[in-house]
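Biologist: Before we talk, could you put the sequence and the structure where both of us can look at them?

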Amino acid sequence: MRSTKKIFVLLGVFGLFFAACDKKKEKEVTLPRQIVPEEATNIEGLLSEPNNDSTGKLDAKVKGKLTAPFMLRYQRTDSPYAEFPRTLHVDFYNAAMQVESQLDALYGKYLQNQEKVFLRDSVVVKNIQKGDTVRCQELWWDQHTERFTTDKPVRIYTKDKILFGTGMEADQNFRWYTIRKLTGTVLTAGNNIPK
């Protein structure tokens, strides 16, 4: 009789142990899965668009080159994105493959499904040929329209004036721009504009 009680006690202990293990497994399965980003350093990437030549051959036309010291890429199924938390620089090219404009920001985020880039913190876009420069704290770039937009305050430096305003739209090479709400203009003498 004693040995039977020992067997029942041992079976009871093992039963509790296995039940605890099963519950632990259930909890592990139901916990939300954390997405661990891929990390990369010394990033260089080309921005291009498909181009059909006269022979029907598909070719890629390079529109820009992105460089960044560090990137995090999140492979989420519904909304994958890449972050550039330690600055980024982009050179935009004209049709002759010459750098027409440059962009710098302390932070950038590329939303892959939307094909848009969000830039913030000391955003600067320069048109090399004209010498015009825009400075703002936030800016969006749309890959399809090849345009910059913001609804935040902007400052635009030209050769003879500084424009202040809120909201802006411009092409990616900063050949043209529209300030939605102009709040002020400061005329300057010649090249005395801070860059």
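Biologist: What makes the approach of the Asp-171 side chain to the backbone nitrogen of Trp-176 a polar contact?

Modeller: A polar contact is a pair of N or O atoms within 3.5 Å, where within protein one must be able to donate a hydrogen and the other to accept it, and where residues adjacent in sequence count only if both atoms are side-chain atoms. The side chain of Asp-171 reaches that nitrogen of Trp-176 at 3.2 Å, so the pair falls within the limit of 3.5 Å. Please keep in mind that this is a predicted model, in which local features need pLDDT of at least 70 and side-chain atom pairs count only at pLDDT 80 or more, while totals for chains, interfaces and linings use all residues. Residues are numbered from 1 along each chain as its sequence is written, and side-chain values use heavy atoms, with hydrogens and water left out.

Biologist: Why is Asp-171 called buried?

Modeller: Buried means under 20% relative accessible area, exposed means over 50%, and partly exposed lies in between, using a 1.4 Å probe and protein chains only. Asp-171 has a relative accessibility of 6%, and therefore it counts as buried.

Biologist: How do you know that Phe-92 and Trp-141 form a tilted aromatic pair?

Modeller: Rings of Phe, Tyr and Trp (its six-membered ring) pair if their centres lie within 6.5 Å, and planes under 30 degrees apart count as stacked, over 60 as edge-to-face and the rest as tilted. By this rule there are five aromatic pairs. For Phe-92 and Trp-141 the centres are 5.8 Å apart, with 50 degrees between the planes, so "tilted" is the word that applies. Phe-92 is in strand β4 and Trp-141 in strand β8, so the pair ties together parts 49 residues apart in sequence; strands here are DSSP runs (E, at least two residues), numbered from the N terminus.

Biologist: Why, then, is the pair of Phe-174 and Tyr-177 called stacked?

Modeller: Their centres lie 5.2 Å apart and their planes differ by 20 degrees, which means that they meet the rule for stacking. Phe-174 counts as buried because its relative accessibility is 0%, whereas Tyr-177, at 24%, is partly exposed.

Biologist: What makes you say that the charged end of Lys-109 sits over the ring of Tyr-81?

Modeller: The rule asks that NZ of Lys or CZ of Arg be within 6 Å of the ring centre and within 35 degrees of the ring normal. Lys-109 has its charged end 4.3 Å from the centre of the Tyr-81 ring, and Arg-120 lies over the face of Tyr-107 at 3.9 Å from the ring centre.

Key
Helix = DSSP H or I, 4+ residues; strand = E, 2+ residues; numbered from the N terminus.
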